[in-house]
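Here is a short report on one protein chain. Keep the structure in view as you read, and find each residue as it is named.

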Amino acid sequence: MAVIPLSRLLELDSAHTVCFDRHGEEITWPEFLASVARISAALAKSDKRYWAIDVGDAREFACALYGCWAAGKTPVLAPRHMLDDGVEYDGIIRDGFGTKAAELRDPIIPATSDLVLFTSGSTGKPTKVYRTIRNMEAELDVLEALFGEELEPCVRRLIGRSGGNLRDLLNMLRDAIELG
């Protein structure tokens, strides 16, 4: 298994299946990049920085996440009930966001790009956590070192809604960067 940095993911030139939508349909790399470009172009028109992601499946989630980063925006990942209860964000990405076709301007995402997520940890009280791509890559490296052999036979993994917690997010990102 070859693993590339999350920040270099959009540079790939491949036709392999990236992920599956909510109906189990395969999404190819060109389709994934087109969706990222569409979302990025829509976000680039806005001066808003923090964008909550509230979408229905892993494909739209991954596209929205990378669309935010490609546009220089900060994704906010929170459970749906928190989006309605005062989580701070400037805009929200829902299914079907950004409808005009676009070209991806720059496939390189800075490793310092960040996101905001919430975790309850051991307290049960949601706490805002900031992570950069560099932080997540380090966490993925640790997970890979600890559990890589056990996870190797997995072809497909089901995750929670829109990366609702860090474990789901890391699983989705790990799935996205596995090649071959």
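## Two parallel strands

Strand S4 (residues 50-54) and S6 run parallel, joined by four bridges. Strands count as paired if DSSP finds at least two bridges between them. Strands themselves are DSSP runs (E, at least two residues), helices are runs of H or I with at least four residues, and both are numbered from the N terminus. The model is predicted, so local features need pLDDT of at least 70 and side-chain atom pairs count only at pLDDT 80 or more, while totals for chains, interfaces and linings use all residues. Residues are numbered from 1 along each chain as its sequence is written, and side-chain values use heavy atoms, with hydrogens and water left out.

Which residues face each other across this pair? Ile53 stands opposite Ile93 in S6. Trp51 stands opposite Gly91 in S6. Trp51 has a partner in S5 too: it stands opposite Pro75 there. S4 and strand S5 (residues 74-77) are also parallel, and three bridges pair them.

## Inside and outside the strands

How do the side chains of S6 (residues 91-94) point? They alternate. Gly91 and Ile93 point to one face and are buried. Ile92 and Arg94 point to the other face and are not buried. Here, buried means under 20% relative accessible area, exposed means over 50%, and partly exposed lies in between (1.4 Å probe, protein chains only).

Now look at S4. Four of its five residues are buried, so S4 is largely enclosed by the rest of the structure.

## The whole sheet

S4, S5 and S6 belong to an open sheet of five strands with mixed pairing, in the order S6-S4-S5-S7-S8. Its edge strands are S6 and strand S8 (127-132), and each of these pairs on one side only. On average, neighbouring strands of this sheet are turned by 30° against each other, direction ignored.

## Two helices that cross

Helix H1 (residues 29-44) packs against H2 at an angle of about 50°, and their axes are 8 Å apart. Axes are lines fitted to C-alpha atoms, for helices over the stretch in contact, and angles run from 0 to 180 degrees between N-to-C directions. H1 and H2 are therefore oblique to each other. For the terms, under 35 degrees is roughly parallel, over 145 is roughly antiparallel, 65 to 115 is roughly perpendicular, and the rest is oblique. The crossing of H1 and H2 is right-handed. That means the near helix is turned clockwise from the far one by less than a right angle; anticlockwise would be left-handed.

Many side chains meet here. From H1 come residues including Phe32, Val36, Ile39 and Leu43, and from H2 residues including Glu60, Cys63, Tyr66 and Cys68.

## Glu60 and the cysteines

Glu60 lies in helix H2 (residues 58-70). Is Glu60 buried or exposed? Glu60 is buried, with a relative accessible area of 10%. Beyond residues up to four places away in sequence, Glu60 touches Arg38, Ile39, Val55, Asp95 and Gly96. Such a contact means heavy atoms within 4.5 Å.

Cys63 is buried, at a relative accessible area of 0%. Cys68 is buried too, with a relative accessible area of 0%. How many disulfides does the structure hold? The count is zero. A disulfide is a pair of cysteine sulfur atoms within 2.5 Å.

## Two residues in a loop

Leu104 sits in the loop between S6 and strand S7 (114-119). Leu104 is partly exposed, with a relative accessible area of 22%. Leu104 and Ala37 are 67 residues apart in sequence, yet 4.6 Å apart in space, C-alpha to C-alpha. Neighbours within four places aside, Leu104 contacts Leu10, Leu33, Val36, Ala37 and Ala70.

Arg105 is found in the loop between S6 and S7. Arg105 counts as exposed, at 65% relative accessibility. Without its neighbours within four places, Arg105 is in contact with Ala44, Ala70 and Ala71.

## The chain as a whole

Step back to the full chain. It has five helices and nine strands. Along the sequence they follow the pattern β-β-β-α-β-α-β-α-β-β-β-α-α-β. Of the 180 residues of the chain, 44% count as buried. Among contacts in the chain with a separation of 6 or more, 69% join residues 24 or more positions apart.
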